[in-house]
Amino acid sequence: MGWEKGVHMKKPKYKLIVDFIKDKISKSEWEIGSRIPSQRHLAKMFDVNRSTVITALEELMAEGLIEGEAGKGTVVTNNTWTLMGNRSSTNWNENVTLGIHKPSVSTVREINEAESNNNLIQLSKGELSPEMFPLEEMRSIVQKVSKQLSPFGYEEPKGNIKLRQAISDYLKIRGMEVSPSSILVVSGALQALHLISIGLLQRGSTVFLEVPSYLYSLTVFQSMGMELKGLPMDKEGIKVDSIYQIKEKRKSILYTIPTFHNPTGTLMQKKRREELIEYCEREQLPVIEDDVYRDLWMDTPPPEPLKSMDNYGNVLYLGSLSKTLSPGLRIGWVVGSESVINRLADLKMQSDYGSSTLSQLVASEWLSSGLYDRHLENVREQLKVRRSTALEALNKHLSFYATWDVPTGGFFIWIKIKPMFKVKRLFDKALSKGLLLNPGSIYAEQSGQFIRLSFGFSSLDEIKIGIFQLSEIIKNQ
């Protein structure tokens, strides 16, 4: 947050806090109306007791810079310019709730912030460990691409044609005959969802989805005035007969992650996929298939995508390199009928004029050179080791407190804490012990007894330590 321990340590500790807050206010990093961090947070940050923090806050209140407000905590009420003059400063803080896009829930915001803290054991991150990043191969490809560069401007609305052809070839191996003209390159699957929500759906539409679902931790559809309606799952994914009972399906779509579902890791089998696609085609219920985990299988390849069974352009298919190669490339894709892809491409051009040319050329080289498939072989082997390490630690330390299923792909284990143990404050307790995990409640309100544990990011030793610490927290609550 802009403060370094050890700087100006000759000053009284409360003065360090005063100077820090004044600096934030004077730079307009904390604007008028902004809520400052809690006393507990500041005490932890400066390694002092709360009485020291209170002394600092009282001095700032006496100077008229901050004020305690019921229900809002302590907020910035003035800056040095407003104290010097008669005119009040613009309060941008009054505008932050005016936009149409809803904020993430507080726990999700806290997780997003904490995931950049390298001092935490990261059992939350839905990405591959740096240990699996193919650094030498990436350097080689970037160097090769850079040598071939010529001056480049904006890409075609649908994305670089070489990359779209490479994606088309890649999808053919996975059971989908798709021409480059039916592919849109996007900056990750999340951008695809945003484009779909603003370009293809009406306000008041219903989005059917699994319960629990990754989508519940986002606000992309709700911000556009749509309602999320959960569908129950079993060990093979969505129960198709649960959709039968819903009378009103007009203005509705189905969002699903059938392959190594986030957060449960569930894999929908072929028969269930056929049943689902047959029903959706008959009822003309459009489908968004989020398939970003497909290549992360560990035991046997998963069934072919829903899109491969789609005979009427009913399925929009989302893929990405973020989970399998590098989230930093920001490369994903949407596959659909040309009219739909043209509409989404127009919206993408309006929003960002296309994804990075350099990233697209690098992604194209990965997919077309054969290096991507060789990289996946290595990733799968390492994920097997990580899964084995996590399951061994879970069996050793957590079997008395929880149950779980063994995932066959992806990097999530969906852990159900037994009812006699409370998990409501488990996230906070774990974070205070240096352990970051995802509480089930962010994926559905009724999933409060669950934890999503990722074995994809942390080191093997951290996985063991983290699971042991988790068991100790549960045992000693």
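Trainee: How many of the eleven residues of helix 8 are buried?
Mentor: This is a predicted model, and the burial is computed from it. The helix is mostly covered. Its buried residues include Ala189, Leu193, Ile196 and Gly199. The number of buried residues in helix 8 is eight.

Trainee: Which helix is among the elements that cover the buried residues of helix 8?
Mentor: The cover includes several strands, among them strand 4 (183-186), strand 9 (252-256) and strand 10 (287-290). Strand 11 and strand 12 (332-335) also belong to the cover. The helix listed with them is helix 11 (338-352).

Trainee: Which helix gives the largest share of the largest nonpolar core?
Mentor: The core holds 68 residues. Leu193, Leu215, Phe221, Val334, Leu383, Leu398 and Ile415 touch the most other members. The largest share is six residues, and they come from helix 13 (residues 371-397).

Trainee: Which tyrosine is in contact with leucine 215, leaving aside its neighbours within four places in sequence?
Mentor: Leucine 215 is in contact with Leu193, Leu209 and Leu228, among others. Val207, Val220 and Phe221 are also on its list of contacts. The tyrosine on that list is Tyr255.

Trainee: How many residues are in the second, separate core?
Mentor: Its members include Tyr170, Val185, Leu329 and Val362. The second core has 26 residues.
Tyr170 has another role in the layout, as it also lines the largest cavity.

Trainee: Which element gives the most to the lining of the largest cavity?
Mentor: The search of the whole structure finds one cavity of 30 Å³ or more, and the largest cavity holds about 60 Å³ of space. Its lining includes Asp291, Arg294, Asp295 and Trp333, and by class it divides into five nonpolar, three polar and three charged residues. The most, three residues, comes from strand 11 (residues 315-320).

Trainee: Which element gives the largest share of the lining of the second largest pocket?
Mentor: This pocket has a volume of about 860 Å³. Of its 37 lining residues, the closest to the centre are Asn112, Leu190, Tyr214, Leu218 and Lys323. Two elements give two or more residues to the lining, helix 5 (106-114) and helix 8 (189-199). The largest share is five residues, from helix 8.

Trainee: How many charged residues are in the lining of the second largest pocket?
Mentor: The lining has 15 nonpolar and 14 polar residues. The charged residues number eight.

Trainee: Which strands are the edge strands of the open sheet with the order 13-14-17-16?
Mentor: Four strands form this sheet, and the pairing is antiparallel. An edge strand pairs on one side only. The edge strands are strand 13 (402-404) and strand 16 (438-439).

Trainee: Which residue in strand 17 stands opposite tryptophan 414?
Mentor: Strand 14 (residues 412-417) and strand 17 (residues 450-454) pair in the antiparallel sense over five bridges. Phenylalanine 412 has serine 454 as its bridge partner. Tryptophan 414 stands opposite arginine 452.

Trainee: Which residue in strand 14 stands opposite alanine 402?
Mentor: Strand 13 and strand 14 pair in the antiparallel sense, over three bridges. Across from alanine 402 in strand 14 is isoleucine 417.

Trainee: Why is strand 14 described as largely enclosed by the rest of the structure?
Mentor: A residue counts as buried under 20% relative accessible area. Strand 14 has six residues, and it is largely enclosed because the number buried is five.

Trainee: Which residue is joined to proline 263 by a cis peptide bond?
Mentor: Proline 263 is in the loop between strand 9 and helix 10 (270-282). Omega of the cis bond is about 20 degrees. The residue joined to proline 263 is asparagine 262.

Trainee: Where is proline 212, which is joined to valine 211 by a cis peptide bond?
Mentor: Omega of that bond is about 5 degrees. Proline 212 lies in the loop between strand 5 (206-210) and strand 6 (227-231).

Trainee: Is phenylalanine 260 buried or exposed?
Mentor: Phenylalanine 260 lies in the loop between strand 9 and helix 10, and its phi is positive, about 55 degrees, although it is not a glycine. Its relative accessibility is 1%, and the cut-off for burial is under 20%. Phenylalanine 260 therefore counts as buried.

Key
Residues are numbered from 1 along each chain as its sequence is written. This is a predicted model: local features need pLDDT of at least 70, side-chain atom pairs count only at pLDDT 80 or more; totals for chains, interfaces and linings use all residues. Side-chain values use heavy atoms; hydrogens and water are left out. A nonpolar core is a set of buried Ala, Val, Leu, Ile, Met, Phe, Trp, Tyr and Cys residues joined through side-chain atoms within 4.5 Å. Buried means under 20% relative accessible area, exposed over 50%, partly exposed in between (1.4 Å probe, protein chains only). Contact means heavy atoms within 4.5 Å. On a 1 Å grid over the protein atoms alone, a cavity is a set of points where a 1.4 Å probe fits but cannot get out, and a pocket is an open set with protein on both sides within 12 Å along at least five of seven lines; lining residues have an atom within 4 Å of a point. Grid points are joined across faces, edges and corners, and a volume is the space filled by probe spheres set on the points. Ala, Val, Leu, Ile, Met, Phe, Trp, Tyr, Cys and Pro count as nonpolar, Asp, Glu, Lys and Arg as charged, and the others, Gly among them, as polar. Two strands pair if DSSP finds at least two bridges between them.
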